[in-house]
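Student: Could we go through a structure together? I would like to learn how to read its strands and rings.

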Amino acid sequence: MLNHKTYKIILAILAIFSFTLPVSAMFIFFDDSDLGTTSTPTFSPADISGLTAWWKADSLALSNNDPVSTWTDSSGNGHDGTASLTTRPTYIASWNNSKPALYFDGSNDYMTITSSFYDSDWTQFVVFEKDTGSNFPTMTTDSAASLGYGVFPSSGTTYVSDRSYYTYVNSQDGSGKHYWSLKVTSAHAFSLWKDGTSLTLQSPTLVTNTTSNFTDIGRRAVDSAYANGWMAEMLMYNSALSDTDRGNVETYLKNKYGL
């Protein structure tokens, strides 16, 4: 069986002496498996620079209905989510597409980020299922002014905020299984997508300026709003990602969870 290198040498010789050879001599059969194959690299959200935090339920070695005490930050930056006693969410081994999720009961389940953080520009991705008519604060800060949260669907309206401004989408309860993308800049510009489709936000409203950090997953402490539903994965980047990078992460989440 001819390998690729030998085949190339024979072709070169034939090119030189082809004028003295019959046409039949030009046909040499070879096994193209010798040429080798290439495969498309599998995309990982870590391929994009600036991944600050990455919580995914499938990184946890737990059994169905186990309480979750620690949700490890897969970015390697140490922003683990921790909980204790009755505030621990529940690990659900098969939430959607045979992938796990954490269930937050809407009463007192939430996780505290062990090493709080905040970036002037940031992009959030989150996959969750919210119960109809309930709250689902995904990521919140320690701000007493109710500001500084990521995607926050409530009854009939979905809110987003940074440390100073908030805005919202009317008639967007956010119930059901979805993947969300939120991009925020230091100039208080907000862009929100649900399942890859852009949503129209109202003009941002200034409330106050704070210096708070992200501290909680699944709770907005100032008004005791707790998440009610399932969260499978959440990622935070320290920049306003390009549309190309955002699309790559969205495709990853869509395919992973069959959404």
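Tutor: We shall discuss strands, then aromatic rings, then charges over rings. Please keep in mind that this is a predicted model.

Student: Fine. In what order do the strands of the open sheet come?

Tutor: The order is β2-β3-β6-β16-β8, which makes 5 strands, and their pairing is antiparallel.

Student: And which are the edge strands?

Tutor: They are β2, residues 70-71, and β8, residues 139-141; each of these pairs on one side only.

Student: What holds strands together in general?

Tutor: Strands of a sheet pair through backbone hydrogen bonds, and the pairing may be parallel or antiparallel.

Student: How many bridges are there between β3 and β6?

Tutor: There are 2 bridges between β3 (residues 81-82) and β6 (residues 111-117), which pair in the antiparallel sense. In one of these strands, β6, T112 is the bridge partner of T82.

Student: What about β4 and β5, how are they joined?

Tutor: Strand β4, residues 90-96, runs antiparallel to strand β5, residues 99-105, and 4 bridges join them. N96 has K99 in β5 as its bridge partner. The hairpin of β4 and β5 has 2 residues between the strands, and N97 takes a positive phi near 55° there.

Student: Which residue of β19 stands opposite D105?

Tutor: That is N228. Strand β19 covers residues 228-237, and 4 bridges join it to β5 in an antiparallel arrangement.

Student: New topic: how many aromatic pairs are found?

Tutor: A search of the whole structure gives 17 aromatic pairs. One of them is F152 with Y159, a tilted pair with 6.4 Å centre to centre and 50° between the planes.

Student: Is F152 buried or exposed?

Tutor: F152 is buried, because its relative accessible area is 4%, and the cut-off for buried is under 20%. Y159, by contrast, is partly exposed, with a relative accessible area of 28%.

Student: Why is the pair of Y159 and Y168 called tilted?

Tutor: The planes of Y159 and Y168 are at 50°, so the pair is tilted; the ring centres are 6.0 Å apart. A plane angle under 30 degrees would count as stacked and one over 60 as edge-to-face. Y168 itself is partly exposed, at 24% relative accessibility.

Student: Which residues do ring pairs link into a cluster?

Tutor: The cluster consists of Y149, F152, Y159, Y166 and Y168.

Student: Last one: what lies over the face of W54?

Tutor: K56 does, at 4.1 Å from the ring centre. Similarly, the charged end of K177 sits over the ring of W95, 5.6 Å from its centre.

Technical notes
Residues are numbered from 1 along each chain as its sequence is written. This is a predicted model: local features need pLDDT of at least 70, side-chain atom pairs count only at pLDDT 80 or more; totals for chains, interfaces and linings use all residues. Side-chain values use heavy atoms; hydrogens and water are left out. Two strands pair if DSSP finds at least two bridges between them. Helices (H or I, at least four residues) and strands (E, at least two) are DSSP runs, numbered from the N terminus. Rings of Phe, Tyr and Trp (its six-membered ring) pair if their centres lie within 6.5 Å; planes under 30 degrees apart count as stacked, over 60 as edge-to-face and the rest as tilted. Buried means under 20% relative accessible area, exposed over 50%, partly exposed in between (1.4 Å probe, protein chains only). A charge sits over a ring if NZ of Lys or CZ of Arg is within 6 Å of the ring centre and within 35 degrees of the ring normal.
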